[in-house]
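Welcome! Take a moment to look over the sequence and the 3D view, and then we can walk through them together.

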Amino acid sequence: MKTYWLSESEEIVMKAIWAEWDGESPLAARQFIFHFVKKGLKPSIVFIFLKRLEAKGFIRAECSPKCRSEVLYFPLISRDEWRYTRTCQFIQKLYGNLISHFVNNPNATPAEIEELQNTLDDFKRKCLLL
């Protein structure tokens with residue numbers, strides 16, 4: 001699994017992009033920057049975060065074919081992929097190697113082992129659907 005990391009501010013900008021993105025067409029900054037201007041944030045600050053998101057591989061930026069001064073943004077990581085990764089990172093941080101400790105426990109009952117196996121199988125099926 002690929003590991004992603006965003007600052008809280010970068011995540012807020014990314015959430016605004018995902019909220020406006022239709023899944024196909026690129027986004028012009030004017031389509032989502034108003035979220036931040038209404039809150040008193042200067043557009044120049046948002047553009048700094050956009051540059052960071054591009055450097056981290058979350059978005060791709062390119063010049064608009066219609067207007068050279070307009071930049072279009074394409075999300076490269078879906079909201080679902082981000083949520084899944086964040087969840088896995090949280091679980092790993094919270095539980096660490098708990099599963100391996102449980103598996104190596106000689107006192108585990110067959111029912112507990114079967115429940116763990118079913119949980120892992122469900123998790124594997126969900127992972128394959130992403």
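## A ruler for helices

The expected span of a helix is found by taking 1.5 Å times one less than its number of residues. Keep that rule at hand as you look at this predicted model. Helix α1 covers residues 8–20, which is 13 residues, so its span should be 18 Å. The C-alpha atoms at its two ends lie 19 Å apart, in agreement with that expectation.

## The overall layout

Stepping back, the protein chain contains six helices and three strands. Starting at the N terminus, these elements follow the order α-β-α-α-β-β-α-α-α.

The chain has 130 residues, and 25% of them are buried. Looking at contacts between residues at least 6 apart in sequence, 54% link residues at least 24 apart.

## Helix α1 and the core

Which residues of α1 are buried? They are Glu10, Glu11, Val13, Met14, Ala16, Ile17 and Trp18. A general point helps in reading such a list: an α-helix has 3.6 residues a turn, so residues three or four places apart point the same way.

Two of these buried residues, Met14 and Ile17, also appear among the residues with the most contacts inside the largest nonpolar core, alongside Phe32, Leu50, Leu53 and Phe58. That core has 21 residues. Both α1 and α3 (43–55) supply at least two residues each, and α1 gives the largest share, with five residues.

## Where α1 meets α3

How do these two helices sit relative to each other? Their axes, those of α1 and α3, come within 10 Å and cross at roughly 90 degrees. An angle of 65 to 115 degrees counts as roughly perpendicular, and α1 and α3 are therefore described that way.

On the α1 side, the residues that meet α3 are Ser9, Glu10, Val13, Met14 and Ile17; on the α3 side they are Phe49, Leu50, Arg52 and Leu53. Sorted by class, this contact has six nonpolar, one polar and two charged residues.

Leu53 is worth a closer look. Setting aside neighbours within four places in sequence, Leu53 is in contact with Leu6, Glu10, Val13, Met14, Phe58 and Ile59.

## A stop at Leu116

Further along the chain, Leu116 sits in helix α6, residues 110–129. Is Leu116 buried or exposed? The cut-off for buried is under 20% relative accessible area, so Leu116, at 18% relative accessibility, counts as buried.

Leu116 and Phe102 are 14 residues apart in sequence, and their C-alpha atoms are 9.1 Å apart in space.

Conventions:
Residues numbered from 1 in each chain as written. Predicted model: local features only at pLDDT ≥ 70, side-chain atom pairs only at ≥ 80, totals over all residues. Heavy atoms only, no water. Helix = DSSP H or I, 4+ residues; strand = E, 2+ residues; numbered from the N terminus. Buried < 20%, exposed > 50% of the residue type's maximum accessible area, 1.4 Å probe, protein only. Core = buried A, V, L, I, M, F, W, Y, C linked by side-chain atoms within 4.5 Å. Contact = heavy atoms within 4.5 Å. Axes fitted to C-alpha atoms, helices over the stretch in contact; angles between N-to-C directions. Parallel < 35°, antiparallel > 145°, perpendicular 65-115°, else oblique. Nonpolar A, V, L, I, M, F, W, Y, C, P; charged D, E, K, R; others polar.
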